Amino acid sequence: MFDFYRVAAAVPELSVADPVYNTNMILAKLEEAYTYEPAVIAFPELAVSGYSCQDLFFQDTLQREVRTGLSRIMAATSGHETAVFVGAPLMVSGQLYNSAFVFFDGKLLGVTVKTFLPDYHEFYEKRWFNSADTLPVDHLYLSELGLSYDPEEIEDYAVPVGSHIIYNLDGKLRIGAEICEDLWAPVPPSSIMAMAGAEMIINLSASNELIAKREYRKNLVRQTSANLVAEYLYVSAGASESTQDVIFSGHSLLAENGTVLNENKDYIATDYLLVADMDLGKVRAERMVMKSFADCAAHYRGFVSRCRTVTETAEALPESDGMYYILPKHPFVPASKTRLSRRCSEIFDMQVGGLVKRLSLTGVRPVIGVSGGMDSTLALLVAARALRKMNRPPEDLIAITMPAFGTSDRTYQNSLALIKSLGTIPIIVDIRLSCEQHLRDLKHDMETRDLTYENTQARERTQVLMDYANMHGGLVVGTGDLSELALGWCTYNGDQMSMYGVNGSIPKTLVRWMIDTVAENRIFPDSTVVLKDILDTPISPELLPPDEHGRITQKTEDSVGPYELHDFFLYYTLRYGYTPAKINFLANRAFAGDYDKETILKWQRMFVRRFFSQQFKRSCMPDGVKVGSVAMSPRGDLRMPSDAAAAAWLSELDEL
């Protein structure tokens with residue numbers, strides 16, 4: 001469903017050099033894994049024999065029992081359209097090869113052979129096995145492999161054997177496999193298979209455990225999945241292997257394009273299943289826009305041509321509902337407090353760095369309209385920090401607050417307190433009279449609280465800022481954020497316009513954490529109290545009059561919907577190009593218990609309509625530093641026509 005597929009890493013209890021026992025354990029794990037309806041099940045390297053058999057690999061008895069075990073496993077996969085990867089030794093022309101046998105619905109699809117064999121420290125695989133590069137054949141018949149089968153039900157057929165085999169399950173799932181040390185090689189087989197179209201790589205491993213090796217291995221798998229723009233399932237032999245000289249940990253994990261989706265928790269483990277869902281839609285979307293991926297495949301076409309594809313009909317390949325896929329509500333906001341603080345600090349430094357460059361080049365003073373809301377607060381903090389970095393006095397900061405019809409007492413007082421706490425003097429320009437004059441000139445009755453009434457204030461504020469910048473050698477720093485730009489929740493030629501926008505690539509759900517991080521890190525210790533109050537203030541454009549007690553009456557999210565939903569829609573629309581139906585499915589999962597389906601659908605329709613209709617505001621947005629993977633600069637990040645129609649997207653939502 002929606003490109004979700006479930007995988008299972010199975011690490012059974014083993015007995016070294018006892019294929020009968022090991023096969024029984026593998027079959028038990030296989031049956032357990034089937035209950036989760038995965039598309040892929042993977043067992044460790046040499047799981048049928050045990051990895052640490054050493055010279056016993058040469059024994060005919062062991063080899064015979066391995067073939068018997070593989071025959072039983074092949075039979076057990078019948079009736080299941082699930083790709084099962086099992087590690088076992090393979091005999092070809094009197095030589096042994098460390099291999100991954102791939103079964104599907106009672107059939108052996110192929111045998112992937114290990115290319116790079118370790119021969120250092122405690123590992124001497126070259127004593128027992130040959131590299132795939134020495135294979136004298138590229139296929140073997142089922143009968144030649146020594147697997148037993150019923151010839152009345154299964155005809156003898158050729159089985160591909162080699163190092164670069166892609167298992168194409170009816171075009172729904174394209175899988176490559178490599179074995180342990182292959183991953184550690186400078187150019188692993190997976191890199192070639194990924195360029196040839198493999199979207200998922202399985203690694204059958206028997207990696208021993210050493211101090212700090214787990215973290216190194218995890219980073220290697222994670223980075224490889226990013227380099228390949230692929231899913232990477234790593235499954236390793238457990239602690240039931242021989243402990244004569246080393247110990248095996250059973251470390252298993254699934255990484256998706258640079259992100260670890262799931263990992264076993266125990267440091268030393270065996271006899272378990274690791275179940276996880278993967279979202280192939282992310283991989284496919286990333287590869288589509290990443291032109292260097294296709295360029296790389298073309299550049300190395302000679303190597304890519306070594307890959308062979310085995311295509312198997314898989315009409316009933318299990319698709320997942322994504323239940324085991326970690327889905328954050330706030331994709332722009334890291335879940336870990338430590339990571340969140342680090343992320344916000346890094347973004348703040350990028351904002352400051354961009355503004356420092358612009359101010360250094362122009363030699364002018366930053367001019368900011370301060371409302372007492374979060375967006376202008378963040379922009380003001382960035383400007384103050386930039387001046388400090390440049391060793392310029394805080395008085396160089398021109399901070400203007402412009403009360404109008406909708407200004408509340410709370411935001412007005414907070415704007416003054418914040419400006420003073422940063423060491424500069426607030427400039428107060430009351431724009432009510434000028435707005436009233438303008439409305440009278442338009443013959444507006446001023447009692448009608450329409451868009452003209454609201455936008456007059458926004459445009460008057462921008463005029464004041466621009467003119468003040470002209471008078472005092474300044475540069476107007478914009479305050480609008482990414483979420484507002486996505487929705488067009490800004491006044492054209494009003495707050496939509498500035499000379500440099502520091503918040504333009506920061507979503508609303510992250511803005512508050514940016515301010516919180518500045519406060520927590522005490523970058524401006526005198527501002528801490530007022531920053532906390534600003535964070536507690538409702539989000540509002542403050543364009544309609546407050547109540548009789550001076551409190552905010554106009555709340556943005558009442559009109560346009562919750563920003564946490566819009567940021568969710570925005571992320572999956574721009575980052576991965578997901579369909580409205582898939583985004584709706586994900587939103588209902590992520591926000592279950594927070595919003596009902598009708599509410600999510602209502603605001604998603606609002607998002608789609610506004611995202612398309614408001615592109616003209618983004619087409620002329622000012623310069624500003626891009627800080628994340630989702631941005632909407634018309635000069636590079638979002639090339640979108642202003643007259644694009646939303647009909648197809650809205651039609652899909654109508655069908656939900």
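Of the 656 residues in the protein chain, 57% count as buried. That figure, like everything else here, comes from a predicted model. The surface that the chain does expose adds up to about 27100 Å², and carbon and sulfur atoms supply 51% of it. Measured out along the principal axes, the C-alpha atoms fill a box of roughly 100 × 55 × 45 Å. The chain holds 22 helices and 22 strands. Among the contacts with a separation of 6 or more, 73% link residues 24 or more positions apart. As for charge, there are 84 negative side chains and 63 positive ones, and the centres of the two sets sit 8 Å apart.

Now for one of the sheets. Eight strands make up an open sheet with mixed pairing, and reading across it gives the order E8-E9-E5-E4-E3-E2-E1-E16. The edges belong to strand E8 (139-141) and strand E16 (272-279), each of which pairs on one side only. From one strand to the next, the twist averages 30 degrees. Strands of a sheet pair through backbone hydrogen bonds, and they can do it in a parallel or an antiparallel way.

Strand E3 shows both kinds of pairing. On one side, strand E2 (residues 40-42) pairs with E3 in the parallel sense over three bridges. Val40 has Ala83 of E3 as its bridge partner, while Ile41 is matched with Val84. On the other side, E3 and strand E4 (residues 95-104) pair in the antiparallel sense, this time over ten bridges. Here Met91 stands opposite Leu96 of E4. E3 and E4 form a hairpin with two residues between the strands, and in it Ser93 takes a positive phi near 50 degrees. How much of E3 itself is covered? Strand E3 (residues 83-92) has nine of its ten residues buried. Helix H1 (residues 19-34) lies across E3, and also across E2, strand E1 (4-11) and E16. Relative to E16, H1 runs at about 40 degrees.

Ser93 brings up the matter of backbone angles. Most residues other than glycine have a negative phi. Two more residues go the other way, and they turn up at either end of the stretch around helix H5. Ala212 has a positive phi of about 75 degrees although it is not a glycine, and it lies in the loop between strand E12 (200-205) and helix H5 (213-228). Val229 also has a positive phi, near 50 degrees, and is found in the loop between H5 and strand E13 (231-236). Are these two residues buried or exposed? Ala212 counts as exposed because its relative accessibility is 55%, over the 50% mark. Val229 counts as buried because its relative accessibility is 1%, under the 20% mark.

Last comes a cysteine in a helix. Cys435 lies in helix H12 (residues 432-441). With a relative accessible area of 1%, Cys435 falls under the 20% cut-off, so it is buried. What does Cys435 touch, apart from its neighbours within four places in sequence? Its contacts are Phe405, Thr456, Gln457 and Glu460. Ala486 is another matter: it comes 51 residues away from Cys435 along the chain, and the C-alpha atoms of the two are separated by 28 Å.

Technical notes
Residues numbered from 1 in each chain as written. Predicted model: local features only at pLDDT ≥ 70, side-chain atom pairs only at ≥ 80, totals over all residues. Heavy atoms only, no water. Helix = DSSP H or I, 4+ residues; strand = E, 2+ residues; numbered from the N terminus. Buried < 20%, exposed > 50% of the residue type's maximum accessible area, 1.4 Å probe, protein only. Contact = heavy atoms within 4.5 Å. Areas by Shrake-Rupley, 256 points an atom, 1.4 Å probe, with all protein chains shown as cover. Lys, Arg positive; Asp, Glu negative; His and termini not counted. Charge placed at Lys NZ, Arg CZ, Asp CG, Glu CD. Pairing = 2+ DSSP bridges. Axes fitted to C-alpha atoms, helices over the stretch in contact; angles between N-to-C directions.
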